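Work through the exercises below with the sequence and the model at hand. Each task is followed by a solution in steps.

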Amino acid sequence: MSRSEALFQAAQLHIPGGVNSPVRAFKGVGGTPLFFKHASGAYLFDEDDQRYVDYVGSWGPMILGHRAPAVIDAIRAALDHGTGFGAPTAIEIDMADKVCALMPSIEMVRMVSSGTEATMSAIRLARGYTGRDKIVKFEGCYHGHSDSLLVKAGSGALTLGEPNSPGVPAALAEHTITLNYNDIDSVREAFATVGDQVACIIVEPVAGNMNCIAPLPGFLEGLREVCDQYGSVLIFDEVMTGFRVALGGAQAYFGVKPDLTTLGKVIGGGLPVGAFGGKREIMHHIAPLGPVYQAGTLSGNPLAMAAGLAMLNAISVPGFHEQLSAKTELLTEGLEAVALGHRLPFTTSRVGGMFGLFFTEQDEVTSFAQTMQCDAAKFGRFFHGMLAEGVYLAPSAFEAGFMSAAHTQQDIEFTLAAADRVFASL
Ligand code: PMP
């Protein structure tokens, strides 16, 4: 028995399913999850001392690779001053200034401790600001696990085949209208009947929780128009895309300005951080300025702020995202070429430093329905083949992959050579 297998057995005694977040349990691909001991740059090392080229990057935050010196040094320096005060600190101002500078649609920002908190708070704010209850989301998009948003959700909920969760009161879920991603006509139709009751549209500007699906031209622009027409708040959930697809996030990449933005992952430098922000006029409704309540004991935690700010500064260098995109392209184009050599029905997607892998006959995947037609069983075999070769992909056919600055051309070539052997065995 490997050490990971032994640890997984031990973990199940006091931890539900042996994991603290469901997708980690390998339910989507079968088998035993690996337990990791340490990481460095593009590599993860498991408890059995096996090395893996990592394309999960802690589900997105590790855009610089693991243990990036700039981030580690900042955390060490902050540690010497104390781990938290539950009171204002100067670094929170630096963080807010930096976020607002990088994403000009954000005029004020509130720090929280997870992406879930960011989206939950943003929709409460949108509801409080508009005085409306209904929200619009898209099937297969995941915005964390707050009650209103855990309806037809993606990511782990989709992987486990439970996009709706027991425990979400029907009375609450009925306020969540779920439409088709990339289908602007469905949005216009829904708004024609209930538009004046809709507080907000929340959308992943690049969907990353039903594999990786880019917005079709006109989709995000259409959402902007509809929100303007009906006085609804447009929320871009950039927890995944923020600072990753471009320094200014998907809103910079596609040139569409939301009213509110939610952030997570990269903004915390690997520590637990989220944020939501946007128009000053809307943010003025949040406590203590306004009546919409939101708070957090650990919000703006100095260690987390130090890590996140160091990360944002490090990725602000010219050319960073161009290089990240070029590497992602090298990987996805390379995988397509290798698959073609084996006449395997396979395609990829990519936006900046995130990508998707699809086992499908379709040339391009642009909708939830299409992503559901992909061969998840084949992905599972591919996943385990790659794992045996020393490549760690997200353990689900419905998750995006992430490139980091630490990945080298050799790492990508290593991955392509591994894929060549694994594709041959499929
Ligand atoms: N929104 C999006 C787009 C996400 O991808 C995620 C997590 N993968 C969340 C929200 C929730 O973030 P967290 O897991 O930090 O609560």
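The exercises go from the overall fold to the domains, the ligand shell and single residues.

The model is predicted, so local features are taken only at pLDDT of at least 70 and side-chain atom pairs only at pLDDT 80 or more, while totals for chains, interfaces and linings use all residues. Residues are numbered from 1 along each chain as its sequence is written.

**Exercise 1. Overall fold**

Task: Describe the secondary structure content, the dimensions and the burial of the protein.

Solution.
- Step 1. The protein has 15 helices and 14 strands; helices (H or I, at least four residues) and strands (E, at least two) are DSSP runs, numbered from the N terminus.
- Step 2. The C-alpha trace spans about 55 × 55 × 50 Å along its principal axes.
- Step 3. The radius of gyration is 21 Å, which agrees with the value near 22 Å for a compact globule of 426 residues. This radius is taken over C-alpha atoms, and the globule rule is 2.2 Å times the number of residues to the power 0.38.
- Step 4. Of the 426 residues, 51% count as buried. A residue is buried if 20 or more other C-beta atoms lie within 10 Å of its own, exposed if 12 or fewer, and partly exposed in between, with C-beta atoms placed from the backbone.
- Step 5. Among contacts between residues at least 6 apart in sequence, 73% join residues at least 24 apart. Two residues are in contact if their C-beta atoms, placed from the backbone, lie within 7 Å.

**Exercise 2. The two domains**

Task: Give the domain bounds and describe the side of domain 1 that touches domain 2.

Solution.
- Step 1. Domain 1 covers 3-67 + 318-425, and domain 2 covers 69-315; the bounds come from an automatic or database domain assignment.
- Step 2. Between the C-alpha centres of the two domains there are 25 Å.
- Step 3. At the interface, 32 residues of domain 1 are in contact with 36 residues of domain 2.
- Step 4. On the domain 1 side, two or more residues each come from α12 (320-341), β11 (347-351), β12 (354-358) and α13 (368-372). The largest share, 4 residues, is that of β12.
- Step 5. This side consists of 17 nonpolar, 12 polar and 3 charged residues. Here Ala, Val, Leu, Ile, Met, Phe, Trp, Tyr, Cys and Pro count as nonpolar, Asp, Glu, Lys and Arg as charged, and the others, Gly among them, as polar.

**Exercise 3. The ligand shell and Lys 265**

Task: State which residues of the shell are closest to the ligand, then locate Lys 265 and list its contacts.

Solution.
- Step 1. The ligand is surrounded by 17 residues, the closest being Ser 114, Gly 115, Thr 116, Gly 144 and Val 239. A residue is near a molecule or strand if its C-beta atom, placed from the backbone, lies within 6 Å of it.
- Step 2. Helix α4 (residues 115-130) gives the largest share of the shell, 3 residues.
- Step 3. By class, the shell holds 4 nonpolar, 11 polar and 2 charged residues.
- Step 4. An unreviewed UniProt entry places "modified residue: N6-(pyridoxal phosphate)lysine" at Lys 265; UniProt positions are given in the numbering used here, feature names are shortened, and annotations may be inferred rather than shown by experiment.
- Step 5. Lys 265 is in the loop between β9 (260-263) and β10 (274-278). It counts as buried because it has 28 C-beta neighbours inside 10 Å.
- Step 6. Neighbours within four places in sequence left aside, Lys 265 is in contact with Trp 59, Gly 60, Pro 61, Gly 115, Val 239 and Met 240.
- Step 7. Gly 115 and Val 239 are thus in contact with Lys 265 and are also among the closest residues to the ligand.

**Exercise 4. Backbone features in loops**

Task: Locate the cis peptide bond, and state whether Lys 152 is buried or exposed and whether Arg 343 is buried or exposed.

Solution.
- Step 1. The cis bond joins Ala 287 and Pro 288, with omega about 5°. Pro 288 lies in the loop between α10 (280-283) and α11 (302-315).
- Step 2. Lys 152 has a positive phi, near 45°, and is not a glycine. Its loop runs between β5 (134-138) and α5 (156-159), and Lys 152 is buried because 20 other C-beta atoms lie within 10 Å.
- Step 3. Arg 343, also not a glycine, has a positive phi near 50°. Arg 343 sits in the loop between α12 and β11 and counts as exposed, because it has 8 C-beta neighbours inside 10 Å.
- Step 4. Leu 344 is also in the loop between α12 and β11; with 17 other C-beta atoms within 10 Å, Leu 344 is partly exposed.
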